[in-house]
Amino acid sequence: MLRIGLFLLTNLAVMVVFGIVMNVIAPMLGFNLGGTGTTSLLVMCFIYGMIGSFVSLLMSKWLAKRSTGTQVIEQPATQLEVWLVETVRRLAQNVNIDMPEVGIFDNPSPNAFATGWNKNKALVAVSTGLLQSMNREEVEAVLAHEIGHVANGDMVTLALVQGVVNSFVMFFARIVGLFVDQAVFKNESNAPGMGYYITSMVLDIVFGIAAQAVVMWFSRYREYRADEAGARLAGKYNMIAALEALKPASQHPDYMPQGMKAFAINEGKGGFSFAQLFASHPSLDDRIAHLQKLAH
């Protein structure tokens with residue numbers, strides 16, 4: 001399943017914009033995009049690639065709230081909200097991070113996510129569907145899983161991985177652009193021509209999508225790590241029970257916004273069907289099997 005999360009979609013958009021800016025600004029700054037300017041080009045691509053990724057990271061919490069309609073619990077109004085806030089507080093203390101914001105979003109599918117640019121400035125949110133379909137031990141395990149993401153610094157690491165991927169995407173898009181400009185459009189001048197600009201901008205998008213296979217590999221890897229954290233914090237069998245409880249929902253269309261699925265605990269079913277390389281989550285069966293192999 002192709003699951004490019006909100007961070008990844010934002011990153012791709014920012015990268016394309018920065019790619020266009022780089023094509024215009026780099027020559028003005030004296031960076032030679034052709035000939036012997038490969039090193040200069042790589043430096044520029046690294047700068048813009050990392051900027052695009054970290055802009056997306058800084059925007060992640062705000063965008064997550066907007067896209068899911070998450071309501072942050074400022075003052076708990078019900079016993080359930082009190083329990084949610086206190087449970088997150090206890091879990092956060094256990095892993096020595098600052099108290100995240102806690103929120104609830106209206107979604108019939110059982111789901112949850114964690115996001116934020118800093119592990120001490122995070123947001124943990126759960127869906128109404130999750131609260132209605134799971135018992136408290138299972139909900140606590142889900143919260144522990146999300147706290148695991150925060151404590152592991154997964155958002156920052158994802159930004160670093162994405163930034164490196166961005167850099168190579170932009171670099172190779174421009175290398176191919178230069179080749180097309182010279183070999184196909186027969187541009188013999190030292191300055192890049194129209195063939196370079198058109199090709200590089202198109203390949204920013206094409207290579208950017210293809211390169212998500214690398215980012216999605218890391219996304220799947222971090223799910224296993226977060227499950228392990230959930231098992232340590234809330235109990236191995238509670239974490240397994242929570243994943244089992246997600247199975248019925250995974251067989252039906254997911255109402256989670258498409259852009260948020262890479263950050264949810266449950267990827268659900270729906271959207272386009274692609275190779276497993278582009279799945280943001282391992283299968284629930286694989287995750288359960290991984291936990292079962294862990295020591296008690």
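Is Asn96 buried or exposed, and what is its relative accessible area?

**View 1. Asn96, a residue with positive phi in a loop of this predicted model.** Asn96 is exposed, with a relative accessible area of 69%, and is found in the loop that runs between helix H3 (79-94) and strand E2 (101-105). Although Asn96 is not a glycine, its phi is positive, at about 60°. Most residues other than glycine have a negative phi.

**View 2. Lys186, in the loop between helix H6 (154-183) and helix H7 (194-210).** Lys186 is not a glycine either, yet has a positive phi of about 55°. Its relative accessible area is 60%, and because exposed means over 50%, Lys186 counts as exposed.

**View 3. Glu146, annotated as "active site" in an unreviewed UniProt entry.** The residue that the UniProt record marks, Glu146, is placed in helix H5 (residues 136-151). Glu146 has a relative accessibility of 1% and therefore counts as buried.

**View 4. The packing of H5 against helix H8 (residues 212-234).** The axes of H5 and H8 are 7 Å apart and meet at an angle of about 125°, which makes H5 oblique to H8. The crossing in which H5 passes H8 is right-handed. On the H5 side, the contact is made by Glu140, Ala141, Ala144, His145, Ile147, Gly148 and His149, while H8 contributes Arg222, Glu223, Ala226, Asp227, Ala229, Gly230, Leu233 and Ala234. Divided by character, the residues of this contact of H5 with H8 comprise seven nonpolar, four polar and four charged.

Technical notes. Residues are numbered from 1 along each chain as its sequence is written. This is a predicted model: local features need pLDDT of at least 70, side-chain atom pairs count only at pLDDT 80 or more; totals for chains, interfaces and linings use all residues. Side-chain values use heavy atoms; hydrogens and water are left out. UniProt positions are given in the numbering used here, feature names are shortened, and annotations may be inferred rather than shown by experiment. Helices (H or I, at least four residues) and strands (E, at least two) are DSSP runs, numbered from the N terminus. Buried means under 20% relative accessible area, exposed over 50%, partly exposed in between (1.4 Å probe, protein chains only). Axes are lines fitted to C-alpha atoms, for helices over the stretch in contact, and angles run from 0 to 180 degrees between N-to-C directions. Angles under 35 degrees count as roughly parallel, over 145 as roughly antiparallel, 65 to 115 as roughly perpendicular and the rest as oblique. A crossing is left-handed if the near helix is turned anticlockwise from the far one by less than a right angle, and right-handed if clockwise. Contact means heavy atoms within 4.5 Å. Ala, Val, Leu, Ile, Met, Phe, Trp, Tyr, Cys and Pro count as nonpolar, Asp, Glu, Lys and Arg as charged, and the others, Gly among them, as polar.
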